[in-house]
Amino acid sequence: MSDISERGYANSDVLVTTEWVANNLNNPDVRIIESNEDPLLYPSGHVPGAVEVDWTSDLNDPIVRDYIGKDAFESLASRIGITPDTTVIFYGDKSNWWATYALWVFRLFGHTNAKIMDGGRKKWVDEGRDLNREVPSYEATDYKVPHERDDKTERALREEVLKHVQASGQLVDVRSPAEYTGEKLHMEGYPQEGALRGGHIPGARNIPWSRAANEDGTFKGADELREIYEKEQGLNADNPVITYCRIGERSSHSWFVLSFLLGYDDVRNYDGSWTEWGNSVGVPIEK
Amino acid sequence: MSDIPPKLQESIEDFSFITTRTERQEYLIQLAASFDEVKVPERIATQPYDESHRVPACESDAFVWAEEQEDGTLKYWFDVLNPQGLSAMAMAVILDQSLSGAQLDQITNVQSDIVLDFFGKGISMGKGQGLMGIVNMVVAEAKRRTKA
């Protein structure tokens, strides 16, 4: 894959290479954060000096289906020893699904000095770079969040999605085609996406998240991405877009692509996603 | 839960003594390390696998096969295509150790929420669904044969 700066991204500085990370492991202004789908990966070995942010135990409220609030985020940020000026570098499994998800949550609290290690954990491992199992400990900080969690700018809630649908706004369903069509699974007893109904939000285009990633987990170049999202699927960069999947993790990957790599101004991630929409009373679906 | 296979009951009891997340993770990582022992042999299946063996909802691309044994029991085989799918690998090893060779009618009593006994109640919804999908598929193989 070509150098990040040569790929034509609108904001190439939101990505760093594995080499850059390897050269900044001891940089006090940088914190490397691993965030995975699989909870066993970090303890099995991680980038030296990296801390773990687990989306379930660290980013989600334990009682309400929602993210942690301002106080809990301040505690988390203080525990991993960062300040608002720290450059946080996220990486993880599944081509950085959870890394982009964690980055998205950090941005809800105003921590915009956040980047992704292109290629994620897989690329780091495939390159034979060091992993260790030592859990680092950093001096705690007293992190202060500049504002309450921002649920408007980059996050969409159900009622806003409904208005968006009624206004024929652009929606991107990043799930697999079988999930999108609501194809009934053929054997009884299998989970149906945790939802009562199969299908998708009316008007949504189906652009699986994985189309934005190369085999090695890196992001495709801007030309390839525009070919998919704009020429093939007809997305208009000038109009608002809402992305969704099952619980908002895969769609954060597409949110990241549209927002930063292609530079769309108004992209929101609907984390309620299909597990909320497919179970909700009074909302339409399409098959 | 009294009618589930005895080996599964023993495994659940073993895990019930685990008190910390770290200890649980270490135990599961050790189990995942022996995944090659339950990986489907070429005499059973080769890639690309028949999609009917794919576990729905599993993000680690897990597959399940059940080989009928002369004594009427099943030997379970697995593959996990995502090399980073350690949890799926650990689940596969647990299921092979506790259900291969067990009485089919006991396997049909196994509930998918045993995943929580092994991985803890804090596991994410998506991850939990994928692992429960593996359990459901294993149980479905036993149910299919007890109905026949």
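Which residues have the most contacts inside the largest nonpolar core? In this predicted model, local features need pLDDT of at least 70 and side-chain atom pairs count only at pLDDT 80 or more, whereas totals for chains, interfaces and linings use all residues. Side-chain values use heavy atoms, with hydrogens and water left out.

The largest nonpolar core (buried Ala, Val, Leu, Ile, Met, Phe, Trp, Tyr and Cys residues joined through side-chain atoms within 4.5 Å, where buried means under 20% relative accessible area with a 1.4 Å probe and protein chains only) has 56 residues, and those with the most contacts inside it are A:L15, A:F73, A:F90, A:F106, A:Y229, A:F256 and A:L261. Among the chain A elements that give two or more residues to this core are α4 (70-79), β4 (87-91), α9 (222-232) and α10 (250-261), while α5(A) gives the most, with 10 residues. Because domain 1 (4-126) and domain 2 (158-277) of chain A both give residues to this core, it lies between them; the domain bounds come from an automatic or database domain assignment. Apart from this core lies another, of 48 residues, which includes B:A62, B:M91, B:I94 and B:V138.

In chain B, the axes of helix α1 (residues 6-16) and helix α3 (residues 86-99), taken as lines fitted to C-alpha atoms over the stretch in contact, come within 7 Å and cross at roughly 135°. The contact (heavy atoms within 4.5 Å) is made by B:K7, B:L8, B:S11 and B:F15 of α1(B) and by B:I94, B:Q97, B:S98 and B:L99 of α3(B).

Methods. Residues are numbered from 1 along each chain as its sequence is written. Chains are lettered from A and ligands numbered from 1 in the order in which they are written. Buried means under 20% relative accessible area, exposed over 50%, partly exposed in between (1.4 Å probe, protein chains only). Helices (H or I, at least four residues) and strands (E, at least two) are DSSP runs, numbered from the N terminus. Axes are lines fitted to C-alpha atoms, for helices over the stretch in contact, and angles run from 0 to 180 degrees between N-to-C directions.
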